[in-house]
Amino acid sequence: MKNTFQTLFAVSVLSFGLTGVALADDDLYEMQQISKTFNLISLEEAKSKALAAKPGMIEDAELENRKFKKGWDYEFEIIDADGREWEVLVDAKTGEVTNISRDWF
């Protein structure tokens with residue numbers, strides 16, 4: 001079981017468009033509460049930044065508490081036009097895209 005330092009909150013997302021993200025109401029509410037509590041950017045802002053850095057379809061999104069460096073990241077799994085999967089990290093405080101890497105699994 002993951003503790004709060006590994007992952008405070010994870011949301012599985014299924015998207016059927018380049019910009020759409022489907023979330024259950026309670027999951028979205030919880031993400032909004034965490035972002036308000038810690039003064040983070042919204043999921044929509046983070047999604048926009050991730051898609052600008054790596055265009056495609058969002059398959060999964062998570063809001064994670066970093067273990068070693070203090071702070072929060074939005075983590076997106078994005079499928080590009082060629083069907084390759086990418087992981088894009090967006091700093092939830094600054095909105096900066098901090099990492100783009102190919103997901104090989």
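With which residue does R84 form a salt bridge in which the closest N and O atoms are 3.0 Å apart? In the predicted model described here, that partner is D82. The context of this pair is set out below, beginning with the overall architecture.

The chain contains two helices and five strands, and their order along the sequence is β-α-α-β-β-β-β. Of its 105 residues, 40% are buried. Among contacts with a separation of 6 or more, 45% are between residues 24 or more positions apart. The chain exposes about 6600 Å², of which carbon and sulfur atoms supply 54%.

The largest nonpolar core comprises 18 residues, and the members that touch the most others are L63, Y74, F76, I78 and V90. At least two residues of this core come from each of α1 (25-37), α2, β2 (57-65), β3 (72-79) and β4 (85-91). Outside its immediate sequence neighbourhood, that is, not counting residues up to four places away, I78 touches a set of residues that includes A50, L51, M57, I58, W86 and V88. R84 is also among the residues touched by I78.

Strand β3 is largely enclosed by the rest of the structure, because eight of its eight residues are buried. The side chains of β3 point in two directions: W72, Y74, F76 and I78 are directed one way, whereas D73, E75, E77 and I79 are directed the other way. Burial applies to both of these sets.

Strand β3 pairs with β2 and with β4. The strands β2 and β3 run antiparallel and are joined by eight bridges; within this pairing, A61 is placed opposite F76. Six residues lie between the strands in the hairpin of β2 and β3, where G71 adopts a positive phi near 130 degrees. The strands β3 and β4 are likewise antiparallel, with seven bridges joining them, and E77 is placed opposite E87 of β4. In the hairpin that these two strands form, five residues lie between the strands, and G83 takes a positive phi near 85 degrees.

Five salt bridges are present in the structure. In addition to its bridge with D82, R84 forms a salt bridge with D80, for which the closest N and O atoms are 3.1 Å apart. The three residues concerned differ in their exposure class. R84 has a relative accessible area of 32% and is therefore partly exposed. D80, with a relative accessible area of 10%, is buried, while D82 counts as exposed because its relative accessibility is 61%.

A further salt bridge is found in helix α2 (residues 43-53), which contains both E44 and K47. These two residues are three positions apart, about one turn of the helix, and their closest N and O atoms are separated by 3.0 Å. E44 is partly exposed at 48% relative accessibility, whereas K47, at 7%, counts as buried.

Salt bridges also link R66, D73 and D91 in a network. Of these residues, D73 belongs to the set in β3 that points the same way as E75, E77 and I79, and D73 is buried.

Technical notes: Residues numbered from 1 in each chain as written. Predicted model: local features only at pLDDT ≥ 70, side-chain atom pairs only at ≥ 80, totals over all residues. Heavy atoms only, no water. Salt bridge = Lys/Arg side-chain N within 4 Å of Asp/Glu carboxyl O. Helix = DSSP H or I, 4+ residues; strand = E, 2+ residues; numbered from the N terminus. Buried < 20%, exposed > 50% of the residue type's maximum accessible area, 1.4 Å probe, protein only. Contact = heavy atoms within 4.5 Å. Areas by Shrake-Rupley, 256 points an atom, 1.4 Å probe, with all protein chains shown as cover. Core = buried A, V, L, I, M, F, W, Y, C linked by side-chain atoms within 4.5 Å. Pairing = 2+ DSSP bridges.
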